[in-house]
Amino acid sequence: MRKIVHIDMDAFYASVEQRDAPELRGQPVVVAWRGGRSVVCAASYEARRYGVRSAMPAVRAARLCPDAVFVPPDFVRYRAVSRQVREILLRHTDLVEPLSLDEAYLDVTSNKSGLPTATRVAKAIRDEIREQLRLTASAGVAPNKFLAKIASDWRKPDGQFVIQPQEVDDFLLPLPVGRLPGVGKVMGEKLAGMGVGSVAHLREIDQATLERRFGRYGIRLYQLARGIDHGEVCPDRPTMSVSAEDTFAEDVLLDALAPTIRSMAEKTWSAARKQTRIGRTVVLKLKTADFHILTRSHTPPVPPASCEELTRIALSLVEKVGLGAQVRYRLVGVGLGNFHDADDPQVQPQLFDSGIV
Ligand SMILES: [Mg+2]
């Protein structure tokens, strides 16, 4: 039986801003760039009282909370604080899997601090974050990752919630299915169509039915409904893809995308170079003015070996878009995916492709 802790910093970016600028304390702080297309990166709890939430358009936040203090995000500083948080977490276990700058899973089944329970470890981590960084974090403690993540939300802010193995059913069964990982709006509607609203309802459906309906994810749903999640805390997630994307100030036509594709390819290439693994597949991502996302990809026989090659392939993917010339786009991205270890035969040039072997 594993002991998993999910640590989630409270209103992270906004809290860092309030910590570093005393005049912002007690104020409704919204971390967002100004501008018609900007979205909220974080909102202080004072701003949340007005209904302001992360990912909401900044314009809407300003309407909901006219007194909000807008602060432009400073990711260099947030990354530095995130590293300090990571150092605290690593004092307790080497098994730390960061999810983002402000969240991480920890496996504390055995821990370095010698504390007897996961509950005590979570409390110690939160105390250290408060004392050393003057920030607050919430924690969830559970026998697996998905339950720990739900639990960290339960006593927010500055709280923690523990789900003991024998309490899993009492906790899980009354929850709406939307709480389960992977159940968003679309999946929630499909399940509602099957009469499933709560996890208790979901548990009444047999595995074969769920698999027929949802494929592999159906099996996952069957397990989640029973509180089962075998996912391990992975300290070093191997890179699966790197990408860069940009939203235009004004929607543009397809034939005006080339300069942005070039600069996104450059960004992607410089990130890809820092990886120990090698990416094979070039991906072009576009979002139309009416928010349809489309991707086109190409996997050359030999992985792209230079920025020029990556750029050339990304530019050539424009020809595969296949929508009308009058369609406008609001976002373009270039990615490199399908990463393999450098010594993987899949990334070696095809030496024997002439039919000899
Ligand atoms: Mg957070």
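**Magnesium site.** I looked up how the donors of the magnesium ion are spaced along the chain and found the pattern D-M-x92-D. The model I consulted is a predicted one. I then listed the donor atoms: Asp8 contributes OD, Met9 contributes O and Asp102 contributes OD, at 2.2 to 2.4 Å. I located the two aspartates in the fold and noted that the pair links distant parts of the chain, 94 residues apart. Aspartate 8 lies in strand S1 (residues 4-9), whereas aspartate 102 lies in the loop between strand S5 (96-100) and strand S6 (103-107). I also checked whether these two residues are buried or exposed. Aspartate 8 is buried, and aspartate 102 is likewise buried.

**Domains.** I turned next to the domain assignment of the chain. Domain 1 is given as 4-10 + 76-168, and domain 2 as 13-74. Domain 3 covers 175-224 and domain 4 covers 241-347. For domain 1 and domain 4, I recorded a separation of 36 Å between centres, taken over C-alpha atoms.

**Helices H1 and H4.** I examined the packing of helix H1 (residues 12-20) against helix H4 (residues 75-92) and found an angle of about 95°, with the axes 10 Å apart. Because angles of 65 to 115 degrees count as roughly perpendicular, I entered H1 as roughly perpendicular to H4. On the H1 side of the contact I noted Phe12, Tyr13, Val16, Glu17, Arg19 and Asp20. These meet Phe75, Arg77, Tyr78, Val81 and Ser82 in H4. I sorted the residues of this contact by character: six are nonpolar, one is polar and four are charged.

Methods:
Residues are numbered from 1 along each chain as its sequence is written. This is a predicted model: local features need pLDDT of at least 70, side-chain atom pairs count only at pLDDT 80 or more; totals for chains, interfaces and linings use all residues. Side-chain values use heavy atoms; hydrogens and water are left out. Donors are N, O and S atoms within 2.8 Å of the metal (3.2 Å for Na, K and Ca); water is not among the atoms, so sites may look incomplete. Helices (H or I, at least four residues) and strands (E, at least two) are DSSP runs, numbered from the N terminus. Buried means under 20% relative accessible area, exposed over 50%, partly exposed in between (1.4 Å probe, protein chains only). Domain bounds come from an automatic or database domain assignment. Axes are lines fitted to C-alpha atoms, for helices over the stretch in contact, and angles run from 0 to 180 degrees between N-to-C directions. Angles under 35 degrees count as roughly parallel, over 145 as roughly antiparallel, 65 to 115 as roughly perpendicular and the rest as oblique. Contact means heavy atoms within 4.5 Å. Ala, Val, Leu, Ile, Met, Phe, Trp, Tyr, Cys and Pro count as nonpolar, Asp, Glu, Lys and Arg as charged, and the others, Gly among them, as polar.
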